[in-house]
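Work through the following exercises with the coordinates open, and try each task before reading its solution.

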Amino acid sequence: MPLSIFGFRALWSPYFLLAIALGIVLYYLITIKWRERFEGSEPVTKRQISYFLASMVLLYIVKGSPMDLIGHILFSVHMAQMALLLLVVAPFFIIGIPNWIWERLLTIAIFNKIFMLLTRPIISLLLFTLMFSMYHYPLILDQVKLSLPLHTVFTVTLFISAIFLWWPVVNTVKGQPQLHGLKKIGYVILSALLITPACSLIIFVDVPVYETYSSGEAWLKAMALCVPSSTLAGLSNIGLSGPELFTDMPTLYDQQLGGILMKVIQEIIYIVVIGRIFMNWAKYEKENADEITRQDLLKRQKLTMHG
């Protein structure tokens, strides 16, 4: 069956698109139009604007475009959604927000305490791994996909844990947990290793484990998260019974492909991140070495002149 049977609202999420647009307008007002009203504010850079807009566009693609609807039909697309949301949107969002805004938020005592605690490298790694693994445990994911409040809470909480995960890597706010050089590379590699068991279980299990992707009744209930109930009621009359109506891929293969996609996308992103970290670290070391060399030459010249 064509996806168009679900209607424009289910395919393109106009209300979510409106929320994204309002977020972009608010960003413009705070960082450009009204910036001078905020003490200690600084001009937003083109790099920050680019990263913020990219995070918003990707957020809409992941959670508002037809990709979100297909993610309720194919588990593999759901895992691609998670990879983009947690490993691309989260760090882009952090970079896109100017430091002076983060600093103002961190003046709020409770906000600062939470960030200082949950962005410590070991804690942020364990928290993200726990949230990711819990979310994809079959019993939990099936329950989450049957309840809109649970789905919202788990998705937002998982995204926040991704913010905490990336904070020590990409933030440049003074006084906040930051890693440098080899420590940053080690942190990224350890992050990749920690979620490998969860992905491996999904890849190597030999039976479908998610009812909301294999059982027609559970799948139909789960579709209510992104399809208006009135639309679903009308579609049930024409024999809408399960994801097999939209794909020829066996459920088990789709499930295994989901685990593979998560790991492949993660590895590609992490290779790029590690490459940039290494180049920046090498550049920093070279600049420091050049500075030390210049200072040494100046000292020698002074000694020669005095001699």
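**Exercise 1.** Determine how the side chains of Lys263 and Glu267 meet, and where both residues lie.

*Solution.* Lys263 and Glu267 meet in a salt bridge with an N to O distance of 3.1 Å, the term being used for a side-chain nitrogen of Lys or Arg within 4 Å of a carboxyl oxygen of Asp or Glu. The model is a predicted one, in which local features need pLDDT of at least 70 and side-chain atom pairs count only at pLDDT 80 or more, whereas totals for chains, interfaces and linings use all residues. Residues are numbered from 1 along each chain as its sequence is written, and side-chain values use heavy atoms, with hydrogens and water left out. Next, locate the partners: both belong to helix 16 (residues 251-306), four residues apart, which is about one turn of the helix; helices are DSSP runs of H or I with at least four residues, numbered from the N terminus. Finally, Lys263 counts as buried at 13% relative accessibility, while Glu267, at 34%, is partly exposed (buried is under 20% relative accessible area, exposed over 50%, partly exposed in between, with a 1.4 Å probe and protein chains only).

**Exercise 2.** How many salt bridges does the structure hold, and how accessible are the partners Glu217, Lys221, Lys63 and Asp68?

*Solution.* The structure holds three salt bridges. Glu217 and Lys221 form one of them, with their closest N and O atoms 3.7 Å apart, and both lie four residues apart in helix 14 (residues 216-222). Glu217 is exposed at 58%, whereas Lys221 is partly exposed at 48%. Lys63 and Asp68 meet at 3.8 Å, N to O; here Lys63 is buried at 16%, and Asp68 is buried at 10%.

**Exercise 3.** Classify the ring pairs that Phe115 forms with Phe111 and with Phe164.

*Solution.* A search of the whole structure finds 17 aromatic pairs, where rings of Phe, Tyr and Trp (its six-membered ring) pair if their centres lie within 6.5 Å, and planes under 30 degrees apart count as stacked, over 60 as edge-to-face and the rest as tilted. Phe111 and Phe115 are stacked, at 4.9 Å centre to centre and 20° between the planes, and they are separated by about one helical turn because they stand four residues apart in helix 7 (residues 109-118). Phe111 is partly exposed at 25%, but Phe115 is buried at 6%. The rings of Phe115 and Phe164 have centres 5.4 Å apart and planes at 85°, so this pair is edge-to-face. Since Phe164 lies in helix 10 (residues 148-170) and Phe115 in helix 7, the pair ties together parts 49 residues apart in sequence.

How values were computed: Helix = DSSP H or I, 4+ residues; strand = E, 2+ residues; numbered from the N terminus.
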